[in-house]
Amino acid sequence: MTRARGLPWVLLAAALLSAVFIALGTWQVQRLGWKKGLIARTEARVSATPVAPPDARAWPAIQAAPLDFEYRRLRLQGEFLHANEALVQASTTLGAGFWVLTPLRLQDGSIVLVNRGFVPPDRRDPAKREAAPPAGPVSVTGLLRISEPHGGFLRENDPAANRWHSRDVAAIAAARGLPADRVAPYFVDAQATPAGQWPVGGLTVLRFTDNHLVYALTWFALAAMVAAGGWYAWRSTRRSPD
């Protein structure tokens, strides 16, 4: 087969590849717009005036569209159930240790797990945290976070051994014997605590990977390279068909 006879197949392949690369680049541009919007919404939420927590009527909506609710700033009022505390392994700017998740029973009888903050391994025992845990009615301000089911990377939660690698609200509530229909499907990261007080709150990490522009430029560059290769093959064949 001469180059002239094979040229249509080369041009067809180049056209198809260019179309695929352009489509991928366009998709990344759309993702870039979505990510910018997500970051803007999150920054607005974390600095907004705190509002009351979503009640049971809103729980299905939270489970269906968690991004519409995550990082909302809430103010909760209730009483901590310290006997049902759970420790979840954590890695923070303060080192490795545990998140202290404590159920908070609200005034309407519903229960919200509150991540009161971080403690190092030598503070996992409440008796070693210097200050007594808050008793009686309390007010908690923090950020709504979505449950983290199953476990961490390559590490499954083990409720029977009381070993937690992620903040799995449903599993922790079940392990602590809390009524499933009264436990909110989210938890709350408590705001920063006074210096020297354990647990240390306010360690929520707001980090969003945003490489969509780089990906888009890469796909568009590949499309241009393939198109240039097709043009070069067509031009070479015209100059020397055989």
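Student: Over how many bridges do strand 1 and strand 5 pair in this model?

Tutor: The model is a predicted one, in which local features need pLDDT of at least 70 and side-chain atom pairs count only at pLDDT 80 or more, while totals for chains, interfaces and linings use all residues. Residues are numbered from 1 along each chain as its sequence is written, and side-chain values use heavy atoms, with hydrogens and water left out. Strands (E, at least two residues) and helices (H or I, at least four) are DSSP runs numbered from the N terminus, and two strands pair if DSSP finds at least two bridges between them. Strand 1, residues 73-80, runs antiparallel to strand 5, and the number of bridges over which they pair is 7.

Student: Which residue of strand 5 is the bridge partner of R75?

Tutor: Strand 5 covers residues 137-146, and its pairing with strand 1 is antiparallel. Within strand 5, the bridge partner of R75 is T141.

Student: Which residue in strand 8 is the bridge partner of G142?

Tutor: Strand 8 spans residues 183-190, and 5 bridges join this strand to strand 5 in the antiparallel sense. The partner of G142 there is A190.

Student: How many of the 10 residues of strand 5 are buried?

Tutor: Buried means under 20% relative accessible area, exposed means over 50%, and partly exposed lies in between, with a 1.4 Å probe and protein chains only. By that measure strand 5 is mostly covered, and the number of its residues that are buried is 8.

Student: How far apart in sequence are the parts that the salt bridge between E148 and R167 ties together?

Tutor: A salt bridge is a side-chain nitrogen of Lys or Arg within 4 Å of a carboxyl oxygen of Asp or Glu, and the closest N and O atoms of E148 and R167 are 2.9 Å apart. E148 lies in the loop between strand 5 and strand 6, and R167 in the loop between strand 7 and helix 3, so the parts tied together are apart in sequence by 19 residues.

Student: Is D189, which meets R167 in a salt bridge, buried or exposed?

Tutor: The side chains of D189 and R167 meet at 3.7 Å, N to O. D189 lies in strand 8 and R167 in a loop, so this pair ties together parts that are 22 residues apart in sequence. R167 is buried at 9% relative accessibility, and D189, with a relative accessible area of 5%, is likewise buried.

Student: Which residues are linked in a network of salt bridges?

Tutor: The count of salt bridges comes to 8, among them the one between E148 and R167. The residues linked in the network are E70, R145, E148, R167 and D189.
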